[in-house]
Amino acid sequence: MTVRIAIAGAGNVGRSIAQELIGNGHEVMLIERHPRQLCPERVPEARWVLADACELSSLEEADLAGCDVVVAATGDDKANLVVSLLAKTEFAVPRVVARVNRAENEWLFTEQWGVDVAVSKPRLMAALVEEAVTVGDLVRLMTFRQGEANLVEITLPKDAPYEGQPVRSVPMPRDAALVAILRGKRVVVPTPDDPLEAGDELIFVCTSEVEDQVRAVVLGDRGLPPLG
């Protein structure tokens, strides 16, 4: 299925996102207000628009209403909030993803500003560092729907309760799903018969309320909070 995506901001971040999405078969429009950043030769498959994405008239001319997703990817948090709000309230774009440049502004990127998913580079980088060095604990990678659901990771330690057992034997709590297993260089889409191995990076989507339950199920006694 081809998705029509508009990206506000054609800097390094915006262009990288565009190239990835185009490579996945999607239709991408890059909106950039600085002429010096307008470099169609860098992403020739994208539609390039020289315009201010914070101006309603510019977005109307770009036909933002015809987009399935808008990505606010500029280096200015204020601009990303304005783009998100206009995309959602004026053009009814179904999905709005916004880049958070400064961690202290993250609290602003909510549904009230039209943001469905906020991606904070500092938080994401910190999570990736934790994910790389942490075995036997739950690491939150990303938050969806203003904190209602999270993407979390647990690296399975040796001698965990379900090591060597099939996925179907793991009693997952309600509102939690194992969506992927990273095993070496492989990405495994888990089936009920796939066995879990020590060192597997287990990727879950779950609500915040059941994170502790997921940790306890997967890690056993290791996943219990410390006493007192």
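The exercises below work through a predicted model of one protein chain, each with a stepwise solution.

**Exercise 1. Describe the chain as a whole: how many helices and strands are there, and what share of the residues is buried?**

Step 1. Begin with the secondary structure, which comes to five helices and 11 strands.
Step 2. Turn to burial: of the 228 residues in the chain, 45% are buried.
Step 3. Consider the surface, where the chain exposes about 12,300 Å², with carbon and sulfur atoms supplying 53% of that area.
Step 4. Finish with the contacts: among those with a separation of 6 or more, 54% are accounted for by residues 24 or more positions apart.

**Exercise 2. Find which residues of helix H5 are buried, and what covers them.**

Step 1. Locate helix H5 at residues 211-219, and list its buried residues, which are Glu211, Val214, Arg215, Val217, Val218 and Leu219.
Step 2. Recall that an α-helix has 3.6 residues a turn, so residues three or four places apart point the same way.
Step 3. Identify the cover of these buried residues, which includes strands E7 (138-144), E8 (149-155), E9 (176-183) and E11 (201-206).
Step 4. Look just past the end of H5, where glycine 220 takes a positive phi of about 65°.

**Exercise 3. Decide whether glycine 11 is buried or exposed, and describe its surroundings.**

Step 1. Place glycine 11 in the loop between strand E1 (4-8) and helix H1 (12-23).
Step 2. Compare its relative accessible area with the cut-off: glycine 11 has a value of 18%, and buried means under 20%, so glycine 11 counts as buried.
Step 3. List its contacts, leaving out residues up to four places away in sequence; glycine 11 then touches Glu32 and Gln37.
Step 4. Set sequence against space: glycine 11 and cysteine 39 are 28 residues apart in sequence, while their C-alpha atoms lie 9.5 Å apart.

**Exercise 4. Examine alanine 92 and aspartate 175: what is the phi of each, and where does each lie?**

Step 1. Recall the background, namely that most residues other than glycine have a negative phi.
Step 2. Read the two angles: although neither residue is a glycine, phi is positive at about 50° for alanine 92 and at about 70° for aspartate 175.
Step 3. Place both residues, alanine 92 in the loop between helix H3 (77-89) and strand E5 (95-100), and aspartate 175 in the loop between E8 and E9.
Step 4. Apply the cut-off for exposed, which is over 50%: alanine 92, at 59% relative accessibility, therefore counts as exposed, whereas aspartate 175, at 48%, counts as partly exposed.

Methods
Residues numbered from 1 in each chain as written. Predicted model: local features only at pLDDT ≥ 70, side-chain atom pairs only at ≥ 80, totals over all residues. Heavy atoms only, no water. Buried < 20%, exposed > 50% of the residue type's maximum accessible area, 1.4 Å probe, protein only. Helix = DSSP H or I, 4+ residues; strand = E, 2+ residues; numbered from the N terminus. Contact = heavy atoms within 4.5 Å. Areas by Shrake-Rupley, 256 points an atom, 1.4 Å probe, with all protein chains shown as cover.
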